[in-house]
Amino acid sequence: GLPPRVTIWEVGARDGLQNEQAVVPVEVKLEFLARLAAAGLTTLEATSFVHPRWVPQLADAEELLAGLEPVEGVRYPVLVPNERGLDRALAAGVRHIAVFGSATETFAKRNLNRTLDEQYAMFEPVVTRARAEGLDVRAYVSMCFGDPWEGPVPAAQVAAVGARLVSMGCSELSLGDTIGVATPGQVAAVVGEVAAAGVPLGSVAVHFHDTYGQALSNTLAALRLGITTVDSSAGGLGGCPYAESATGNLATEDLVWMLDGLGVQTGVDLDALADTSAWMAERLGRPSPSRVVQALRG
Ligand code: HMG
Ligand code: MG
């Protein structure tokens, strides 16, 4: 069966904009977030407190949060890799963070400049301090289905990394197909291993990039397995600057079109959302890759 309701974790302002060649002005980001909230999205991943040299597109994180007018009932999580990032996030008044680990050694090195063991050592004090401050903490695991340098990633390896991050005190786990290579059978295998490792599926999210056009099929497979939180980005913006061949996330419009058709509640106004993505596409100077945005606004 399918859940009656799905929580959409909107990553466009972070995963989307981190991968744009152009640095989007902070006023445009703020208007983007305001429009996403007005379209009914209630979780808006806003930015990252990472090293500005690593992700220059999000170097305005402090300015963004200072200008943000939070909407009642909307949460604005941010990415935090280390204690320096946590200090910055706390100073900016953030209440919800996400650490982001890798399932593979190669990507841990490329994305975090750390080995797998060092990534845990980096996250541990972040998660402990954040929880003590009363923050919610999500943990991402990247390269859950395949890695451009290491190839296929064993499901048991993904589950071990995920379970370790949950045991640190993270309250949610997001399984990332960073390069968009997964197919639905693999989703079942990985989600099965994660559940077998003791992580309740009610606290697991899926995060699919759409490189091979499989993101929606993979999402449906995950929903049938009991997952109720799905990451997506408005208009299909996105990718990861440190992963070869990573293109945009599952487009939120594509997801909402499918869920509307299935009678699964999301609280999102598809029309307002498609308007927002068409508006953002103009700002970025190129059309949205989302098929649904193209069909509705093309
Ligand atoms: P490092 O070079 O090893 O950093 O980078 P360090 O700890 O050695 O520190 C070096 C200097 O950086 C120090 O300054 C620190 O203070 C400073 P110095 O003393 O030399 O003047 N520094 C910072 N400054 C500001 N904010 C910080 C910070 N940390 C250190 N937070 C580091 C390690 C983790 C910082 C770096 O690798 C980094 O920033 N990586 C971020 C990469 C990133 O954001 N990738 C994209 C997000 S992940 C993703 O997209 C995947 C996802 O969508 C899921 C999926 O699709 O699978 C989540
Ligand atoms: Mg991603």
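Helices (H or I, at least four residues) and strands (E, at least two) are DSSP runs, numbered from the N terminus. The model described here is predicted, so that local features need pLDDT of at least 70 and side-chain atom pairs count only at pLDDT 80 or more, whereas totals for chains, interfaces and linings use all residues. Residues are numbered from 1 along each chain as its sequence is written, and chains are lettered from A and ligands numbered from 1 in the order in which they are written.

The shell around ligand 1 draws its largest share, 3 residues, from α4. At least two residues each are supplied by α1 (12-18), α4 (83-91), α5 (105-112) and β6 (136-142). In total, 26 residues surround ligand 1, and the closest are Val50, Gly85, Ser142, Gly176 and Thr178; a residue is near a molecule or strand if its C-beta atom, placed from the backbone, lies within 6 Å of it. The shell divides into 11 nonpolar, 12 polar and 3 charged residues, where Ala, Val, Leu, Ile, Met, Phe, Trp, Tyr, Cys and Pro count as nonpolar, Asp, Glu, Lys and Arg as charged, and the others, Gly among them, as polar.

The strands form an open sheet of 9 members with parallel pairing, in the order β2-β1-β9-β8-β7-β6-β5-β4-β3. The edges are occupied by β2 and β3 (47-48), each with a single partner strand, so one side of each is left without a neighbour in the sheet. Two strands pair if DSSP finds at least two bridges between them. At one of these edges, β3 is joined by 2 bridges to the parallel strand β4 (residues 78-79), with Thr47 having Val78 as its bridge partner. Helix α9 packs on the sheet and touches β7 (172-177), β8 (204-208) and β9, its direction making about 165° with that of β8. Axes are lines fitted to C-alpha atoms, for helices over the stretch in contact, and angles run from 0 to 180 degrees between N-to-C directions. Strand β1 (residues 7-10) pairs in the parallel sense with β9 (residues 229-232) over 4 bridges, and with β2 (residues 43-44) over 2 bridges. Glu10 takes part in both pairings: its bridge partner in β9 is Ser232, and Leu44 stands opposite Glu10 in β2.

Helix α9 (residues 215-224) also packs against α8 (residues 184-196), at an angle of about 40° and with the axes 8 Å apart. The two helices are therefore oblique to each other; angles under 35 degrees count as roughly parallel, over 145 as roughly antiparallel, 65 to 115 as roughly perpendicular and the rest as oblique. The crossing of α8 past α9 is right-handed. A crossing is left-handed if the near helix is turned anticlockwise from the far one by less than a right angle, and right-handed if clockwise. In this contact, Pro184, Val187, Ala188 and Val191 of α8 meet Ser217, Asn218, Ala221 and Ala222 of α9, giving 6 nonpolar, 2 polar and no charged residues. Two residues are in contact if their C-beta atoms, placed from the backbone, lie within 7 Å.

Helix α11 (residues 270-284) packs with α2 (residues 26-38) at an angle of about 165°, the axes being 9 Å apart. This arrangement makes α2 roughly antiparallel to α11, and α2 passes α11 in a left-handed crossing. Val28, Phe32, Arg35, Leu36 and Ala38 in α2 meet Ala272, Thr276, Met280 and Arg283 in α11; by class, this contact has 6 nonpolar, 1 polar and 2 charged residues.

The axes of α10 (residues 252-262) and α11 come within 10 Å and cross at roughly 165°, which makes α10 roughly antiparallel to α11. The crossing of α10 past α11 is left-handed. Thr252, Glu253, Val256, Trp257 and Asp260 in α10 meet Leu270, Leu273, Ala274 and Ser277 in α11, and the residues of this contact divide into 5 nonpolar, 2 polar and 2 charged.
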